Amino acid sequence: MDTPVPPRAAAPGPRRRDRHGRGMRGPVAPPQVPLAASRAEVFADLVQDSVERLERRWPQLADIDFMVLEVPRLDGPGESWDDEAVPLGGTIAAREGHPARVVVYRRPVEIRTKGRDERAALVHEIVVEQVAELLGLTPETVDPRYGEE
């Protein structure tokens with residue numbers, strides 16, 4: 001005799017696929033693939049790569065904070081830029097309890113570059129210029145290859 005098999009109980013929680021086996025299967029790309037990284041994360045990695053290149057030559061850069069901000073801010077009344085003078089980076093001098101900072105502005109840099117290689121070169125150039133300003137040196141002293149790329 002055949003004994004009837006009771007139906008399986010539905011698993012608790014949301015159903016991920018429809019009855020035909022279609023539907024959401026998972027993320028488009030795994031987290032370790034560059035496709036999964038946001039533009040802001042990729043840009044921050046470019047800044048970090050540039051800093052690491054310079055830290056080999058200048059160990060005192062470990063005492064400087066490097067930041068990425070979306071766009072520059074106008075801090076005081078009456079401050080403005082013209083179309084050609086939007087800053088790409090800046091420095092903030094060290095104060096009591098706060099280390100010196102180098103800031104790179106992501107959106108103005110992205111607008112001025114077309115590809116990843118061009119963006120990486122411009123980011124490195126900005127970081128070198130800002131570090132040179134903080135250390136009171138020329139950019140060529142900070143990075144002998146400055147201006148060659």
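Helices here are DSSP runs of H or I with at least four residues, strands are E runs of at least two, and both are numbered from the N terminus. With that settled, R106 and E110 both sit in helix α2 (residues 106-112), four residues apart, about one turn of the helix.

This is a predicted model, where local features need pLDDT of at least 70, side-chain atom pairs count only at pLDDT 80 or more, and totals for chains, interfaces and linings use all residues. Residues are numbered from 1 along each chain as its sequence is written, and side-chain values use heavy atoms, leaving out hydrogens and water.

**The overall layout**

The protein chain has four helices and three strands, and reading along the sequence gives α-β-β-β-α-α-α. Of its 149 residues, 24% count as buried. Buried means under 20% relative accessible area, exposed means over 50%, and partly exposed is in between, with a 1.4 Å probe and protein chains only.

**The core**

A nonpolar core is a set of buried Ala, Val, Leu, Ile, Met, Phe, Trp, Tyr and Cys residues joined through side-chain atoms within 4.5 Å. The largest one has 21 residues, and V109 and V127 have the most contacts inside it. Helix α1, strand β3 (101-105) and helix α3 (116-135) each supply at least two residues of this core, and α3 gives the most, with seven residues. As background, nonpolar side chains tend to be buried together in soluble globular proteins.

Strand β3 is also the place of R101, a residue that is partly exposed, with a relative accessible area of 25%. R101 and V131 are 30 residues apart in sequence, and their C-alpha atoms are 9.2 Å apart in space.

**Salt bridges**

A salt bridge is a side-chain nitrogen of Lys or Arg within 4 Å of a carboxyl oxygen of Asp or Glu. By this rule there are four salt bridges, and three of them are tabulated here, including their N to O distances.

| Pair | N to O distance |
|---|---|
| R106 and E110 | 2.9 Å |
| R107 and E110 | 2.8 Å |
| R53 and D143 | 3.9 Å |

Back in helix α2, R107 and E110 are three residues apart, again about one turn of the helix. Salt bridges that share partners join E70, R106, R107 and E110 into one network. How buried or exposed are these side chains? R106 counts as buried at 8% relative accessibility, and E110 is buried too, with a relative accessible area of 11%. R107 counts as partly exposed at 29%.

What does the bridge between D143 and R53 tie together? D143 lies in the segment after α4 (139-142) and R53 in helix α1, so the pair links parts that are 90 residues apart in sequence. D143 counts as buried at 9% relative accessibility, whereas R53 is partly exposed, with a relative accessible area of 30%.

**A charged patch**

On the surface, E41, D45, D49 and E52 form a negative patch. Patches are made of residues with over 30% relative accessible area and no salt bridge, with like charges joined within 9 Å and nonpolar side chains (Val, Leu, Ile, Met, Phe, Trp, Tyr) within 5 Å. Of the patch members, D45 is found in helix α1 (residues 39-55), and D45 is partly exposed, with a relative accessible area of 44%.

Terms used: Accessible areas come from the Shrake-Rupley method with a 1.4 Å probe; for residues, only the protein chains shown count as cover. Lys and Arg count as positive and Asp and Glu as negative; His and the chain ends are not counted. The place of a charge is taken as NZ of Lys, CZ of Arg, CG of Asp or CD of Glu.
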